[in-house]
Amino acid sequence: MRKQHQGRHTPLSLAEPNRVAAFEPVLAAITKDMLAREAAWDVIINGDMAAGGARPFAWDHQWVGKGKVEVARDTTTSVSAPASLRLRSLDGPAQASVEQPLRGVAGRTVTVTAQVRNAGFSSVALRITGLDGAYKQALNQVVIDATAATAWTRFEGSLAIPAEVPNCRLGFAVDGSGSAWLDDVVVTVSDTPAAPAGTNLLRNGGMEDGDAQPIGWTSTWAGSGKVAAARDTAVFHGGKAALRVDSVGGAAKGNASQAVEGLAGKRVRITGWVRGDGKAVASVGAGSFDAGWKQLGWETLLVVPAGAPGEWTAFDKTFTVPAGTAKVCLGAAIDGDGKAWFDDLALCEAP
Ligand SMILES: [Ca+2]
C-alpha cells in the first residue's frame with residue numbers, strides 16, 4: 001500500500017489536508033460536469049455517434065427479425081463529424097434494428113429529430129417500442145419513416161407515450177437489402193397536452209398497429225367457453241386490419257376490451273363498425289367501473305344478431321359516464337360459435 005503512495009499519481013489522503021482543500025474545487029467541478037452530462041443524457045446517449053470505436057457507444061441493443069446485419073460506426077459519412085451509425089445487410093435481405101432505452105418517457109410526449117440516409121433498404125424507420133409493467137409489448141410505433149431519404153435528410157416526429165408503458169426503446173429499424181445511416185439523434189420530452197375535443201381516446205382503434213394481435217386490444221375475458229383476439233389483415237373496414245374475436249373450441253361468450261381512464265362525469269361519443277359471421281352474435285358494449293371494479297353503468301352500443309348477413313354495420317352512441325368512474329371498458333364481444341370483426345372504433349369527449 002505504501003508503495004502505491006510513492007508512485008507518480010500519488011492519491012490524496014487525510015495526511016495532506018492542504019492538498020484536500022486544493023482538490024475540493026476540482027471535485028466540485030467534476031461532480032457538476034457529471035450532473036450536467038446526466039441531465040443531457042436524460043433520454044438517450046450518444047445521439048451524434050461521436051463516442052465509440054467500431055460501433056457507436058450505447059446503441060448496443062440489437063434486434064434481428066431475419067437475415068444478418070452489420071452495425072458500424074461509419075467515419076466516412078456523417079452529418080456531424082466524426083461519425084454516423086450505419087446498418088448494412090449482409091448475405092441478402094434482413095430485418096433488424098439497433099436500439100437504446102428511452103429514460104423517463106412514460107406518460108409524456110417524445111419528440112425525435114434525426115438525420116437519416118438510405119441506400120437500398122425497402123424500409124428505414126425510427127420506431128418506439130414499449131413494454132408494459134408485465135413486460136408485454138404495448139407499443140410499437142413508427143415516429144419517423146425515412147425510407148425515401150436517398151441523401152442525408154433531417155426528420156422530426158412525435159409520439160405520446162401511454163403512462164402504463166414504462167419500458168420504452170428507440171430503435172433504428174431497416175428491412176430489405178442495403179445500407180442506412182443515422183446521425184444527430186435528439187430526443188426531447190414534454191408533458192402530453194390534454195387531448196383536444198374530437199380526439200380519439202382509444203389506442204389503436206383502427207387496429208392497424210400490432211402483429212398477430214392489435215396493440216391495445218390484447219386483453220380478453222370469457223364468461224363461458226374461450227375467446228381469442230386476433231389482428232385480421234384479410235377482413236377489415238378501414239386501413240389494412242381489423243380486430244377479430246373468435247370463439248375457441250366451441251361456443252363461447254366473451255370479449256376483447258380496452259379501458260380508458262379519466263372520463264368520470266363526462267359525455268362521451270363512441271363510434272365504430274362491427275361485422276358478424278352469420279353464426280355468432282357480435283356486439284359492442286361500454287362498461288363503467290370504479291377503482292374497485294364495481295360496475296357503475298353499462299351501455300349497449302350495437303348488437304349484430306346471429307344469422308345477420310356478414311356485412312359491416314356502424315354504431316354511434318353518446319352517453320354520460322357515471323360520476324366515480326375510474327375506467328370505461330369498451331368491449332368487442334362474441335356470443336356463440338364463430339367470429340366477429342371490429343374496426344375504426346373511436347371514443348371521443350362529446351360537447
Ligand atoms: Ca383498420
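Two strands count as paired if DSSP finds at least two bridges between them. The legends below apply this term to a predicted model.

**View 1. The protein chain as a whole, with 2 helices and 16 strands.** The radius of gyration of the protein chain is 26 Å, well over the 20 Å that the globule rule gives for 351 residues, and the chain is therefore more spread out than a compact globule. Measured out along its principal axes, the C-alpha trace spans about 90 × 50 × 40 Å.

**View 2. Burial and contacts in the protein chain.** Of the 351 residues, 34% are buried. Among contacts with a separation of 6 or more, 72% are made by residues 24 or more positions apart.

**View 3. An open sheet of 5 strands with antiparallel pairing.** The strands follow the order β7-β10-β15-β12-β13. The edges are formed by β7 (219-224) and β13 (295-304). Each of these edge strands has a single partner strand, so one side of each is left without a neighbour in the sheet. On average, neighbouring strands of this sheet are turned by 25° against each other, direction ignored.

**View 4. The pairing of β7 with β10 at one edge of the sheet.** Strand β10 comprises residues 252-261. The two strands pair in the antiparallel sense, and 5 bridges join them. One residue pair of this view is Ser219 and Ser257, the latter being the bridge partner of Ser219 in β10.

Conventions
Residues numbered from 1 in each chain as written. Predicted model: local features only at pLDDT ≥ 70, side-chain atom pairs only at ≥ 80, totals over all residues. Helix = DSSP H or I, 4+ residues; strand = E, 2+ residues; numbered from the N terminus. Rg over C-alpha atoms; globule rule 2.2 N^0.38 Å. Buried ≥ 20, exposed ≤ 12 C-beta atoms within 10 Å, placed from the backbone. Contact = placed C-beta atoms within 7 Å. Axes fitted to C-alpha atoms, helices over the stretch in contact; angles between N-to-C directions.
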